[in-house]
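Colleague: I should be grateful for a close look at one part of this protein, the open sheet, together with what packs on it and what lies around it. Please take the strands in turn and then relate them to the ligand and the domains.

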Amino acid sequence: MVIKKAEILGYCMGVRRAVETAELACRENPDKKIFTLGPLIHNNSALEVLAEKGVNVLKEDASDLAADAENSVVIVRAHGVPPLVMQNLKSRGVTVIDATCPRVLSSQKRAADYARRGYTVFLAGDKNHGEVVGISGYARASGADCIVIEHKEDAAAVTHVPEKSVLLSQTTISRSEYDAIAAVLKAKNDALVVLNTICPATDERQNALIELCKNVDGILVIGGRHSANTKRLLRTAQDLCAHAALIETAEEIPQEFFALERIGLTAGASTPDFVIDSVEDALLEHGHKI
Ligand code: SF4
């Protein structure tokens, strides 16, 4: 058996940074309670390890933070939060560590800048996703109307695109979905400014997977079943490879894969290295790597 890993797989920069920030906070604050606003990462194995290190999970708006929480550390995850949540935390006297991904910070700033200049902000993405809640919070706090567009059908239902309007997206939206939404809104008013705020991390993992599929008999996609970018990797693998499966842990490797000659591995942007290694080790027990 030959095992090949995609050139780019696993943790993206923002997630790795957030996890390392939480681990450092635990080491540096042994006397304090450590919290994250919502789960730090869409991966159960990684969350279990963080919980063992003392990381507790609060609701995304911190509404369940105890009244006597002054001696606590609260970590803002890579998705970021609306400015009001940040202000509330600071007024409660807790230590806030901001692990918002720099790419998301940039989207928050751009949304706020356009809002201050009187633009209506259209934001393409999942309206319940923390990143979208955060960015729209920045636009609204800066005085703009912020309209969240989930699909091109929502864009089609928009009745008016003002002369001063800007469109930006959740960093992980698919390029084709974003282009379709932009085309529908542009057809209503060509003056719409369309920003490119898509993070390359998703495309990089997709492109590396497409290359990998040319040289293997089956693909194992390692990652959380609720992770959008992991599910998108699975769809690509299913399109391009005869055998494809999504697994969260090594225990879930389907039996058929042990009979394949060449197995490719990829992993979503929130899959920790130790889970990828454990899958590789389990396969290596049945063959050897080149
Ligand atoms: S996917 Fe991109 S924007 Fe999102 S956390 Fe990772 S690096 Fe940051």
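**The open sheet and its surroundings**

Modeller: In this predicted model, strand β2 (residues 33-37) is paired with β3 in the parallel sense, over four bridges. Within this pairing, isoleucine 34 has valine 55 in β3 as its bridge partner.

The two strands belong to an open sheet of four strands, whose order is β3-β2-β4-β5 and whose pairing is parallel. At its edges stand β3 (55-58) and β5 (95-98), each of which pairs on one side only. From one strand to the next, the twist averages 30 degrees.

Helix α1 (residues 13-28) packs on this sheet and touches β2, β3, β4 (72-76) and β5. The direction of α1 makes about 170 degrees with that of β4.

On the other side of the strand order, β4 and β5 are joined by four bridges, again in the parallel sense. Here valine 73 stands opposite threonine 95 in β5. The connection between these strands includes a helix: β4, helix α3 (residues 83-91) and β5 make a right-handed β-α-β unit. As a general point, strands of a sheet pair through backbone hydrogen bonds, either parallel or antiparallel.

The helix that packs on the sheet also leads to the ligand. The shell around the ligand receives its largest share, three residues, from α1. Both α1 and α4 (102-116) supply at least two residues each to that shell. In total, 13 residues surround the ligand, and the closest are Cys12, Gly14, Cys101, Thr171 and Cys199. By character, the shell divides into nine nonpolar residues, three polar and one charged.

The domain division places these elements in a wider setting. The protein is divided into domain 1 (2-10 + 202-284), domain 2 (13-100) and domain 3 (103-194). Between the C-alpha centres of domain 2 and domain 3 there are 27 Å. Contact between these two domains involves eleven residues of domain 2 and eleven residues of domain 3. On the side of domain 2 that touches domain 3, five residues are nonpolar, five are polar and one is charged.

Where, then, does the ligand lie with respect to domain 2 and domain 3? Both domains give residues to the shell around the ligand, so the ligand lies between them.

How values were computed:
Residues numbered from 1 in each chain as written. Predicted model: local features only at pLDDT ≥ 70, side-chain atom pairs only at ≥ 80, totals over all residues. Pairing = 2+ DSSP bridges. Axes fitted to C-alpha atoms, helices over the stretch in contact; angles between N-to-C directions. Contact = placed C-beta atoms within 7 Å. Near = placed C-beta within 6 Å. Nonpolar A, V, L, I, M, F, W, Y, C, P; charged D, E, K, R; others polar. Domains from an automatic or database assignment. Right-handed = clockwise from strand over helix to strand, strands pointing away.
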